[in-house]
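Colleague: Here is a model I would like to go through with you. Please take a close look at one part, then work outwards from there.

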There are 2 protein chains.
Amino acid sequence: MHLELDGKGALYEQLTRALKRGILGGHLGGGSKLPATRDLANDLGVSRNTVLTAYELLCTEQLAMARGGSGTYVAHNMGPRTSPSASHAVGPQSRYAARTRRLGPTMLARTQPPVRYDLHCGEPLLSPALASGWRNELGKAAMHTELRYTTLQGLAALRQAICDHIARRRGVLANPDDIVIVSGTQQALSLVARVLLDDNHRAVIEDPRYELAFQTLRAHGCRIVPVRTDEDGLVTNELPTTSVRLVYVTPSHQFPSGSTMSLPRRMELLAYASERRCWILEDDYDGEFRFDSKPIPALRSLDVRDRVIYVGSFSKIVFPALRLGYVVCPKALVDDLVAAKKLDDLGCPAIEQAAMAEFIKSGRLERHLRRGTAELRRRRNCLIDGIRSHAGKHIRLIDSRAGMHLIGWLPGFTYARFAKLIELGRQRGVGLHAIHHFYSVAPETPGLILGFAGLSPIQISNATKILGACIDEV
Amino acid sequence: MHLELDGKGALYEQLTRALKRGILGGHLGGGSKLPATRDLANDLGVSRNTVLTAYELLCTEQLAMARGGSGTYVAHNMGPRTSPSASHAVGPQSRYAARTRRLGPTMLARTQPPVRYDLHCGEPLLSPALASGWRNELGKAAMHTELRYTTLQGLAALRQAICDHIARRRGVLANPDDIVIVSGTQQALSLVARVLLDDNHRAVIEDPRYELAFQTLRAHGCRIVPVRTDEDGLVTNELPTTSVRLVYVTPSHQFPSGSTMSLPRRMELLAYASERRCWILEDDYDGEFRFDSKPIPALRSLDVRDRVIYVGSFSKIVFPALRLGYVVCPKALVDDLVAAKKLDDLGCPAIEQAAMAEFIKSGRLERHLRRGTAELRRRRNCLIDGIRSHAGKHIRLIDSRAGMHLIGWLPGFTYARFAKLIELGRQRGVGLHAIHHFYSVAPETPGLILGFAGLSPIQISNATKILGACIDEV
């Protein structure tokens, strides 16, 4: 009898599992006799005790039975069992699964295989100081945090700290009762979709778009209405006149085009939502990193009709692996959102919430944001200088006042030449990323999303030098 | 002019916000003149500079504008704005929200207001040693964990550690590729519902039931078919003959009745799923805590047809505020489940995953489980002894071999008398919890779910003494 031991744990355990596989896989038929313990021990080169123990375990699991002196037999009630089918191909089991299968892949991290200088805009700004500061907070929080089930809506201390933080930094006045702690913008999107939208409801997203917002709403079964954006953000007079349930926007720093929504557009969008009784989801994904002194108030801070669902995340400003964010929720929706959060995961991990509350209250988050903004400004200037000196004739940079990426258009380029540039960049160790994938219809001019948060100033200089050389070559 | 400062941050910030509220709330009409800076400074008892700064900020935010020497005016494009409606009552916005509104509340934590001895079965077994051990793991993990976006399916090291753990302890053979890390059983349920079930698909749950499984499937829009359980677990020959997509079971320790599903029933359920091509969700919520030496293999370990979705959670065995669990997923469903996880939250927090991987690999989880099982056995024996000595005539305890609670039936009691008992218990400081809420039809005899994990042996003794006295009194 061929038995394959899997090398995990004690020998008798391995043998038990191997026999079990034999029984359940039908290789050892119901009622058949197992080899004599001495024989099997010899065959396998193990002690007889090991075999005896394995047989006993099979008997206690009722998979086999010992018959007096005659030996051990495979139990009858196993019945004839066929082996599993070789192919695991199964169609989607739900409409949701069918829809997700039709969605494209999403790139969150750097390109595979990694290149030396990746200008991907999903790369966060990380520092060793942050890791060790966060470690201290976690350690302290682990000692004093209640380890039982946490409140579904989120730790009260964290909700209070967030209210203070967004009042100071974003002009958003909220009450802790309006806040729901989530595991990031993605969960906020997913919960809001469940609470607000049925199959075939219409949702507006910006064009170009944040791919995961599109995918989440699409997977949920929504009909997506893309609305154009320009240098003033969403073109509000192109909003649909048909019924719309939700408008998803990134007003502080449109993703990916980088524009900031102007105040008149903001007022128009609020009026639109108010008239049509639809909801606005304001994704303030990197509004914390601003490089000028001209703040535009968050939509939520202008929203007297309580139609704006404001979503903030610590993933972009602290680190992505954290998975912690928050929703400032219109009063009418708080209970529904908390119910959806409950059924989704019973609330966020308590220790990380407590650590974040303390990180905010102690002023460490603000310090991190100040330093982060200064560092991002350096990197951004480096990118702008580098592009100007090495590719200034070919790349038209669009200035944006916030965030972690810039857009560079290549007006003289065809898409064929542009594709060659990206490929050549990859060969030379520079990861370049096209913007047209984010548009519903590719713009006439090809453009690059140039993320600058993940590389040091020197790396950025080198990358732009190589980029310039590549452009001259193609 | 009445302005209310909110006391948060610098005075000029408070003043800016107060003015903003006035403008957006319509109390300061579009085009109207703001008070002279000197007057307002006098009114409020602040410096004139504070007022000047606030006015400047309003201007940069385009909410006001300065007109030469004549003063500062509220911007025109604000338009006439009405104040928010007093009532926030809004109907449910989606079918999902409507369904969640119809669901009852769920009690996860102890009763409110707290009683001295709460025999609630949601209480975990906690120890200071665990908190400090976990703190060390977290601290170490924070220093070496990749802080960028994590893999959606879960950290490879954790998936490998889980494979080893469940092979050793639960006889489940899995490959790291089959594992999806989730934030607990609740998220597993919610993702599986999305991947497998459309509106009006049928799902079987056990009767009596785990309330959150019922609620999750109900909120998702399923039709729920309750199937009776007895001392051998789910009564498989009462499974519906109509089409069913999912069978949710708790075979190691039925929640809440405490029975263990017998091997013949397990084989019947597997055959049922295989014939009808439906799926089984095996919730092994407290299968790690067993008090006898007679292990019954997990359904998943008997499943050669790959129809069982096995769900394990660290919430019950480590601590609930952790929010970490895993799914051992049939190969046919892995990609769909990962896609659903992606759209739900982009993966679990990386530091906690890394800490848990190390906690398992270092053997600390097993040690914790051994100690936990010994401690739970003590508490369970204490409960059994206490009930026998103080209420043995009235309470028929159902022995169960695993977990953190026992069931006690009160055959001589009417429901009226039973309700009095629970109320009297509450008054005397003992939290008692009825089992009939978990049945689709209340059983003839009233019964108690007696959780023993959250109280020390002495507390349990005291609680049973009081319980005995209460019974004698009602």
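What follows is a close look at one histidine and then at other parts of the model. Which residues does A:His253 touch, leaving out those up to four places away in sequence? Is A:His253 buried or exposed?

Modeller: Keep in mind that this is a predicted model. Start with the place of the residue. A:His253 sits in a loop of chain A, between strand E8 (246-249) and helix H9 (263-276). A:His253 is buried, at a relative accessible area of 1%. Buried means under 20%, so A:His253 falls in that class.

Now the polar partners of this side chain. One is the side chain of A:Asp286, in a polar contact at 3.1 Å. The A:His253 side chain also reaches a backbone oxygen, that of A:Ala402, at 3.0 Å.

Next, your question on contacts. Not counting residues up to four places away in sequence, A:His253 touches A:Gly258, A:Ser259, A:Tyr285, A:Asp286, A:Ser400, A:Ala402, A:Gly403, A:Met404 and A:His405. A:Asp286 is thus on the contact list and is also a polar partner.

Helix H9 takes us to a salt bridge. A:Arg265 lies in helix H9 of chain A, and A:Asp230 lies in strand E6 (residues 223-230) of chain A. The two form a salt bridge, with the closest N and O atoms 2.9 Å apart. They are 35 residues apart in sequence, so the pair ties those parts together. A:Arg265 is buried, with a relative accessible area of 14%.

A second salt bridge in chain A joins A:Arg169 and A:Glu288. Their closest N and O atoms are 2.8 Å apart. This pair links distant parts of the chain, 119 residues apart. A:Arg169 is in helix H6 (residues 156-170) of chain A. A:Glu288 is in the loop between strand E9 (279-283) and strand E10 (308-313) of chain A. The two ends fall in separate burial classes: A:Arg169 is partly exposed at 25% relative accessible area, whereas A:Glu288 is buried at 7%. The pair also belongs to a network of salt bridges that links A:Arg168, A:Arg169, A:Glu288 and A:Glu366.

Chain B has its own example. B:Glu146 and B:Arg148 meet through their side chains in a salt bridge, 3.1 Å from N to O. B:Glu146 is partly exposed, with a relative accessible area of 45%. Over all chains, the count is 48 salt bridges.

Back to chain A for a sheet. Strands E12, E13, E16 and E15 make an open sheet of 4 strands, in the order E12-E13-E16-E15, with antiparallel pairing. Its edge strands are E12 (396-398) and E15 (433-434), each pairing on one side only. A:His405, on the contact list of A:His253, falls within strand E13 (405-409). E15 pairs with strand E16 (residues 447-451) in the antiparallel sense, over 2 bridges. There, A:Ala434 has A:Leu448 in E16 as its bridge partner.

A helix lies across this sheet. Helix H12 (residues 364-391) of chain A crosses E12, E13 and E16, and runs at about 15° to E13. After E16 comes a loop that leads to helix H14 (457-473), and A:Ser456 is in that loop. A:Ser456 is partly exposed, at 24% relative accessibility. Its C-alpha atom and that of A:Ala374 are separated by 13 Å, with their positions 82 residues apart along the chain.

Now a strand in chain B. Strand E11 (residues 325-328) of chain B is covered on both faces. B:Gly325 and B:Val327 are buried on one side, and B:Tyr326 and B:Val328 are buried on the other. E11 of chain B pairs with strand E4 (residues 179-182) of chain B, antiparallel, over 4 bridges. Here B:Ile179 has B:Val328 as its bridge partner. E11 of chain B also pairs with strand E10 (residues 308-313) of chain B, again antiparallel and over 4 bridges. In that pairing, the bridge partner of B:Gly312 is B:Tyr326.

Last, the cysteines. The structure holds 0 disulfides over all chains. A:Cys121 is in no disulfide, and its nearest cysteine sulfur, that of A:Cys382, is 18 Å away. B:Cys348 is in no disulfide either. For B:Cys348, the nearest cysteine sulfur belongs to A:Cys348, 10 Å away. B:Cys348 is buried, with a relative accessible area of 2%.

Note on methods: Residues are numbered from 1 along each chain as its sequence is written. Chains are lettered from A and ligands numbered from 1 in the order in which they are written. This is a predicted model: local features need pLDDT of at least 70, side-chain atom pairs count only at pLDDT 80 or more; totals for chains, interfaces and linings use all residues. Side-chain values use heavy atoms; hydrogens and water are left out. Buried means under 20% relative accessible area, exposed over 50%, partly exposed in between (1.4 Å probe, protein chains only). A polar contact is a pair of N or O atoms within 3.5 Å; within protein, one must be able to donate a hydrogen and the other to accept it, and residues adjacent in sequence count only if both atoms are side-chain atoms. Contact means heavy atoms within 4.5 Å. A disulfide is a pair of cysteine sulfur atoms within 2.5 Å. Two strands pair if DSSP finds at least two bridges between them. Axes are lines fitted to C-alpha atoms, for helices over the stretch in contact, and angles run from 0 to 180 degrees between N-to-C directions. A salt bridge is a side-chain nitrogen of Lys or Arg within 4 Å of a carboxyl oxygen of Asp or Glu.
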